[in-house]
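User: I am learning how labels get attached to parts of a structure. Can we go through this one together?

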Amino acid sequence: MGMKYDYPDSPLYRLRHSAAHLLAQAVLELYPGAKLGVGPPIENGFYYDFDLPQPIGEEDLPKIEAKMREIAARNLDIVRIETSREEARQLIEQIGQVPYKLELLDAIPEGETISFYQQGDFIDLCRGPHVQNTSEIKHFKLLSIAGAYWRGDERNKMLTRIYGTAFFTQEELEDYLHRLEEAKKRDHRKLGRELGLFMIAPEVGPGLPMLLPKGATVRRVLEEFILKEELRAGYLHVRTPEIANLNLYRLSGHYPYYKDSMYPPMVFEDGEELILRPMNCPHHFLIYKSEPRSYRDLPLRIAELGTVYRYEKSGELSGLIRVRCFTINDAHVFLRPEQIKAEVQHNIELIQKVYQRLNLTDFWYRLSLRDPDNKEKYIDDDAMWETAETALREALDELGLEYIAVKGEAAFYGPKLDVEVRDCLGREWTISTVQLDFLMAHRFDLEYTGEDGKPHRPVIIHRAPIGSFERMMGFLIEHYAGAFPLWLAPVQLTVLPIADRHLEYARQVYERLREAGYRVELDARRETLGYKIRYHQTQKVPYMLIVGDKEVEGNLVAVRSREAGDMGQVTIETLLERLQQEITD
RNA sequence: GCCGACGUAGCUCAGCGGUAGAGCGGCGCACUCGUAAUGCGCAGGUCGUGGGUUCGAGUCCCACCGUCGGCUCCA
C-alpha cells in the first residue's frame, strides 16, 4: 500500500502529470480545434481526454508520440501562472478551451487558488505540480485509445481518451511494458481455452460461460472446500430457487433500484410475474422468518451457493470476471447488535482460512464507512451506525489487523469490510466482503425474542469469502498463470509410459492413484517421451509419472514435477505419502 | 449501452479487388522411443451474418451479431 498513498505527492506523479500535458500539447498541434477535457496521472501512467474534430484510431498514436518527443526536445520551461477567477475565465475563452475547461473552472471551490501551467504556447488550467522543463519527460509511451464520458457521466458527451505511461528511466518503462505482456499471457480467457477450462458460445449468449470438464473440476473442488469450511464454522446450507415472484423484490425494495440489472419479468396470463433472481438475500430472509427465533438461536448463519442473474451491459462483460449468471458463496448471518464484533471476527477468520488455502498472501482490509458530512445518503439511525462502525474497528484492532478506512464508501444500509488482494502482477482485486445491514430486517419485519421476552430486530451480515465462483476462478487462473496447486489442479498427475511394453504397468500405476482418490490421466499415445512431457507441461499438470523398463523392473515411478523437473524414482507408496503431505499443507 | 479497434481452418495468424494459405492441433502410416515438439502423407474454410458497390468482393461501403481496449456499472 505504502507507495500508492504517497503517490500523489511523488516525483513520478508529477512526471506523469507533465507527460499528460505534453500529450495535450501534441494533440493540439496535430489537431487544431481539439478541445481539452481532463488529463490526470493514474496508477500506472496518465491519460488525457479530448473532444477531437475528427475520429482517430490506435494507428495515430505513433504520430502523436513522435510529436510529443519533438516538443519535449524544445526544452520548454513549464511555468505556473496564478490568476483570479475572472482572469482565468478570460484566458480559457481566449485560448478557445470551452466548454470543458470552463466547466472545470466553475467546479473549483470558492477561495481555492486558480492556476495555469504554460509550456511554450501551450497553456492549461491545472493545479499542478509539474516538472520544470519538457525535456525531463523522456521515457514514455502511448498505450491505447478509448472513449470516456465527460466527467464520467454516461449522459454526457463521449470524449476520446488517450492512455500512456511514463517513467524516470527507460529500464522502468520497459519493465512495465514487459509486465503488461506477462499479464496478457496470463489472461484467464486465453488460458481458459488453452487449458480446456471453459468456453463461451454466442449461441448460448454473451456473458454466459460454460465450464468444460477441467474447469468444472476446479469449481467443484473449490465448492467442496468452502462448504467444508463453512460447516465447520457453523453455517447452515440451504437451497432456494433461482426464480421468484417479482413481488419479493418489491418487498425488499430492490426492484426500483436494481431494475436495470434485472432481466425483465416473465408475465403470465393471470398477471403473475416471475423474475430471475439478482440476489439471494430475500430468500434467506424468508427462511429466517419461517419460524419464531430466540436470542439463543443467534447468530443464525444461513448459507447457499446461490446462483443469480444480472443483466450486465454488453460492453461490461469479460470472460469469467464479469458475467450475466454467476454463483455467490453467499450467506446471511442474523445476530444481536452486541454480537457484531465477534461475528465479524468469525468471518475474518474464515476469510483468512480461505486465503491461506489459496495461497494468497498479499491482502488487506478496507473498511467502508458512512460519510459523516453527508448523512442523508444513508439510513437514519445514528446509534446503529455508531455501534456498527465501532464494532468493525474493534474487530480489526483486536485481531491486530491493519486496514484502511474509507469514508463515504459504505452501502446506504450499513458499513462494510472488503478484502483487497494483490495478485502476482501487482493488480488489486476485491474478492471478499462482509457487509452490515440495518435495513432489511425492517423491510422484512424480522424479529427475535430477546431475554426480556420482547421482540427485537436482528442485525444482518451479508458475506461472501469467495465472492462469485466465476470471478474467483478467473482471478485464480491469472494468479497461478494456470498452474493450479496440487489440491486444485483439474488433472493432478499423468502417467507416461515410454513404450507400448510399459503400458500394462502404467495402467496399474494409474489405477492405483485413481483408487487413492487422485485425478490422474494415462497418456497412452504412441509418441516420444519428449513430446508427452512438453504437452503435459504446457497443460500445467503438477506431476508426470514416467514409467519405462527401469520402473517396471523396480516397481517404481520416475517423478517429474511441473516446477522442479526430474525428481528421480520413488515407490508408489512414497509417492502417495508425498502427495498426501503436499495436499494437506 | 457508449467510443475505438478487430472477426479468415479447432487454435495462432498471413493474404487486403482477379481461381482460399502457413504453423500447431486432428486423422492415417512408419518409428517403440528415458525428461519441453520423430518423419511422411491426408482431411479440414459458404473468409462472423445479411444487404450493397463492381465484369469480379476475405479484400470496398452499410447494417446487425460477437470479441477486445476503455467509459459507466459491478460479485
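Analyst: Here is how the labels are earned. This is a predicted model, where local features need pLDDT of at least 70, side-chain atom pairs count only at pLDDT 80 or more, and totals for chains, interfaces and linings use all residues. Residues are numbered from 1 along each chain as written, chains are lettered from A and ligands numbered from 1 in written order, and side-chain values use heavy atoms, without hydrogens and water.

User: What makes the contact of E82 and R80 a salt bridge?

Analyst: The term needs a side-chain nitrogen of Lys or Arg within 4 Å of a carboxyl oxygen of Asp or Glu. For E82 and R80, the N to O distance is 2.9 Å. That passes, so the pair is a salt bridge. Side chains of opposite charge can pair when their charged atoms come close. The whole structure holds 45 salt bridges.

User: Why is K184 called exposed, and what is E181 called?

Analyst: Exposed means over 50% relative accessible area, buried means under 20%, and partly exposed is in between (1.4 Å probe, protein chains only). K184 has 55%, so K184 is exposed. E181 has 43%, so E181 is partly exposed. R80, at 37%, is partly exposed too.

User: How far apart are K184 and E181 in space, and how far in helix α6?

Analyst: Their closest N and O atoms are 4.0 Å apart, and they form a salt bridge. Both sit in helix α6 (residues 170-186), 3 residues apart, which means about one helical turn. Helices are DSSP runs (H or I, at least four residues) and strands likewise (E, at least two), numbered from the N terminus.

User: How do you know that R301 and E343 link distant parts of the chain?

Analyst: Their side chains meet in a salt bridge at 2.8 Å, N to O. R301 is in strand β15 (residues 300-309), E343 is in helix α12 (residues 340-357), and they are 42 residues apart. Both R301 and E343 are buried.

User: Where does the largest nonpolar core lie?

Analyst: A nonpolar core is a set of buried Ala, Val, Leu, Ile, Met, Phe, Trp, Tyr and Cys residues joined through side-chain atoms within 4.5 Å. The largest one has 109 residues, and L222, L358, L488 and L513 have the most contacts inside it. Domain 2 (218-236 + 281-305 + 323-467) and domain 3 (493-584) both give residues to this core, so it lies between them. The domain bounds come from an automatic or database assignment. A second, separate core has 35 residues, including A19, A26, A72 and Y117.

User: Is D523 buried or exposed?

Analyst: Its relative accessible area is 4%, so D523 is buried. D523 lies in the loop between β25 (520-522) and α17 (529-538).

User: What makes the pairing of D523 with H536 a polar contact?

Analyst: A polar contact is a pair of N or O atoms within 3.5 Å; within protein, one must be able to donate a hydrogen and the other to accept it, and residues adjacent in sequence count only if both atoms are side-chain atoms. The side chains of D523 and H536 make one at 2.7 Å.

User: Which residues come nearest to RNA strand B?

Analyst: Near means a heavy atom within 4 Å. Of the 50 residues around RNA strand B, Y149, R322, R526, R534 and E551 come nearest. A polar side-chain atom of R193 lies 2.8 Å from a phosphate oxygen of RNA strand B. A polar backbone atom of K550 is 3.0 Å from a base oxygen of RNA strand B.
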